[in-house]
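User: Please take a close look at a single part of this model, one strand and its surroundings, and describe how that part is paired and packed.

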Amino acid sequence: MPNILFIDHTGKEYRVQAEAGKNVMQIATENMVPGILGDCGGACSCATCHGYVDPAWLDKVDPKSEAEEMMLDGALNVESNSRLTCQIILTDALDGLVVRLPASQI
Ligand code: FES
């Protein structure tokens, strides 16, 4: 099973192993990783699953959809590597993915 390294805004690390096919928000919330809320359940309509994909992984994750871009416009502290984690589906090719978490989602 692939694993993801989540790093919170204080630098604390959470390494999680998960099944391919789940989205990254779902994996974070199921594993009690703090900092990802996922209020809309992954419907791309809340932006409370905002995370920063490590630049080394940016070209390996699927590109943002127009809907994701629009939702990110309303998120806090958006950066060039910002993503809605519910829109990233874990695959075996993403084994080792690194996602940093913002200090706040709201
Ligand atoms: S969980 Fe709501 S946009 Fe990702």
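Analyst: In this predicted model, the hairpin of β1 and β2 has 5 residues between the strands, and within that hairpin G11 takes a positive phi near 100 degrees. The two strands of the hairpin, β1 and β2, pair in the antiparallel sense over 5 bridges, and I4 of β1 has V16 as its bridge partner in β2. β1 also pairs with β5, here in the parallel sense and over 4 bridges, with I7 standing opposite R100 of β5.

In a regular strand the side chains alternate between the two faces of the sheet. For β1, both faces are covered, since N3, L5 and I7 on one side are buried, as are I4 and F6 on the other; in total, 5 of the 5 residues of β1 are buried.

I4 and F6, together with L97, are the residues with the most contacts inside the largest nonpolar core, which has 30 residues. The elements that give two or more residues to this core are β1 (3–7), β2 (13–17), α1 (24–30) and β5 (97–100). Leaving aside residues up to four places away in sequence, I4 touches Y14, R15, V16, V24, I27, L90, L97 and V99.

R100, the residue opposite I7, also leads to D54, as a polar contact of 2.7 Å joins the side chains of R100 and D54. D54 is found in the loop between β3 (50–53) and α2 (66–72), and it counts as buried because its relative accessibility is 15%, under the 20% cut-off. Again not counting residues up to four places away in sequence, D54 touches V98 and R100.

How values were computed:
Residues are numbered from 1 along each chain as its sequence is written. This is a predicted model: local features need pLDDT of at least 70, side-chain atom pairs count only at pLDDT 80 or more; totals for chains, interfaces and linings use all residues. Side-chain values use heavy atoms; hydrogens and water are left out. A nonpolar core is a set of buried Ala, Val, Leu, Ile, Met, Phe, Trp, Tyr and Cys residues joined through side-chain atoms within 4.5 Å. Buried means under 20% relative accessible area, exposed over 50%, partly exposed in between (1.4 Å probe, protein chains only). Contact means heavy atoms within 4.5 Å. A polar contact is a pair of N or O atoms within 3.5 Å; within protein, one must be able to donate a hydrogen and the other to accept it, and residues adjacent in sequence count only if both atoms are side-chain atoms. Two strands pair if DSSP finds at least two bridges between them.
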